[in-house]
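Student: I would like to go through some side-chain contacts in this structure. May we begin with charges and rings?
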Number of protein chains: 2
Amino acid sequence: MSVNLREHIEKIVPLTDDEFAFVLSHFTSKKLKKHQFLIQEGDTVDHSWFVVSGLIKASHTDESDKEHILQFAMEDWWVSDYQAYHYKTPATLSLSCLEDTEVLCLSLENSEKLCSELQKAEHFFRRKANFGYVALQQRILSLLTTSAKERYEQMLKQYPSLFQRVPKTLLASYLGVTRETLSRLSS
Amino acid sequence: MSVNLREHIEKIVPLTDDEFAFVLSHFTSKKLKKHQFLIQEGDTVDHSWFVVSGLIKASHTDESDKEHILQFAMEDWWVSDYQAYHYKTPATLSLSCLEDTEVLCLSLENSEKLCSELQKAEHFFRRKANFGYVALQQRILSLLTTSAKERYEQMLKQYPSLFQRVPKTLLASYLGVTRETLSRLSS
DNA sequence: AGAAGCATTTGACCTACATCACAAATATAC
DNA sequence: GTATATTTGTGATGTAGGTCAAATGCTTCT
């Protein structure tokens, strides 16, 4: 459903029906089943995705086969391997679906076209990027300043729904601890 | 010197002389001595700064008085408390000069005006924000996946000049370890 | 419904890094 | 140029969280 996208954008810039139709014409839609991949490490990444429904994890697997989760993307979130996307390098992240998921796909080419054709779009994406930057700074600060336990409690407060939808193992690897440690923390 | 700024912008969008003059008219300039603050925690933040020369540290001090460094900003870097800046909340960071420093100041108001008047400016800031986002993601991944020693070596490779300019105590608090640990790592 | 595969908990032990304390070496200021 | 502060190094000891291993619960698939 593109209603989500429209509401999402209009939180930042109001659009006329025509403008939204124009924006939407730059997207395609895609449905994925649980366990399917949007990208795998090494892939070329020329899309960014807006999650309409479902849940995606963005993760990197290190040399010793440990998975580190950079982001969970649920309804109304954007996700991609933005390094690979912006710099046109091979993906170092993999994106996989933790639930059946529907996304709207925006290619880099269409994104640039859209931004140059409609300043409101460029404005929207600038703001999104600014807010995203702030959110990541917060996460860095929280990794630097707080213990695993505090981060766990913080997350529990901020995204309670994740605890229903995601196995603890994955939450642990988002928080930067092992599943054993997380298990001991929650008791 | 505004030459720095022009070259910096033109890495992303070419500008005519008139356009650059227009851009520059939105900035003011400011010189600070070592140890002066650009902002302190609690302040209102309505500017973002482009460092022409010198060196600034952006840091947060936690309840137990430990300082955590989020960013060093040297020549050609942008710095602010972007959370406070974009969300108009009181600063949670303080920005202070580690050397005599010259900055170009862009108020939020002028920034928005500039972006709406000149699409090239909006495009520039969108790209900067995108690249900044990617850089922070990398830092998060490095905090999640690597040991203090690896982070130290990585930093040594990426920003060798910092090691001349900044006391080790501060590097340690950027890397997320104590100065004692850093000292032991480097031997 | 039963088998096969995940997810979670708990225990014993280990390691990277923190903390505290003090000494030596450099800066900075009067 | 001596005094005061700041920075750095090193030792002894503490602790959060990691690793490995085994037991028990849950899903999911046929």
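Tutor: Certainly; please keep in mind that this is a predicted model. In chain A, A:R139 lies over the face of A:Y174, at 3.9 Å from the ring centre.

Student: And what sits over the ring of B:Y174?

Tutor: The charged end of B:R139 does, 3.9 Å from the centre of that ring.

Student: Now the aromatic pairs. How many are there over all chains?

Tutor: The count over all chains is 20 aromatic pairs. One of them joins A:W78 and A:F125: the ring centres are 5.6 Å apart and the planes stand at 75°, so this pair is edge-to-face. The pair links distant parts of the chain, as A:W78 belongs to strand β6 of chain A and A:F125 to helix α5 of chain A, 47 residues apart.

Student: Are A:W78 and A:F125 buried or exposed?

Tutor: Both A:W78 and A:F125 are buried. They also belong to one aromatic cluster, together with A:F27, A:F50 and A:F124.

Student: A change of topic: how many disulfides are there over all chains?

Tutor: The count is 0 disulfides over all chains.

Student: Why is B:C97 not bonded to B:C105?

Tutor: A disulfide is a covalent bond between the sulfur atoms of two cysteines. The closest cysteine sulfur to that of B:C97 is in B:C105, 11 Å away, which is too far because the cut-off is 2.5 Å.

Student: Where do these two stand, buried or exposed?

Tutor: B:C97 is buried, with a relative accessible area of 2%. B:C105 is buried as well, at 6%.

Conventions
Residues numbered from 1 in each chain as written. Chains lettered and ligands numbered in written order. Predicted model: local features only at pLDDT ≥ 70, side-chain atom pairs only at ≥ 80, totals over all residues. Heavy atoms only, no water. Buried < 20%, exposed > 50% of the residue type's maximum accessible area, 1.4 Å probe, protein only. Phe/Tyr/Trp six-rings, centres within 6.5 Å; stacked < 30°, edge-to-face > 60°. Helix = DSSP H or I, 4+ residues; strand = E, 2+ residues; numbered from the N terminus. Lys NZ or Arg CZ within 6 Å of the ring centre and 35° of its normal.
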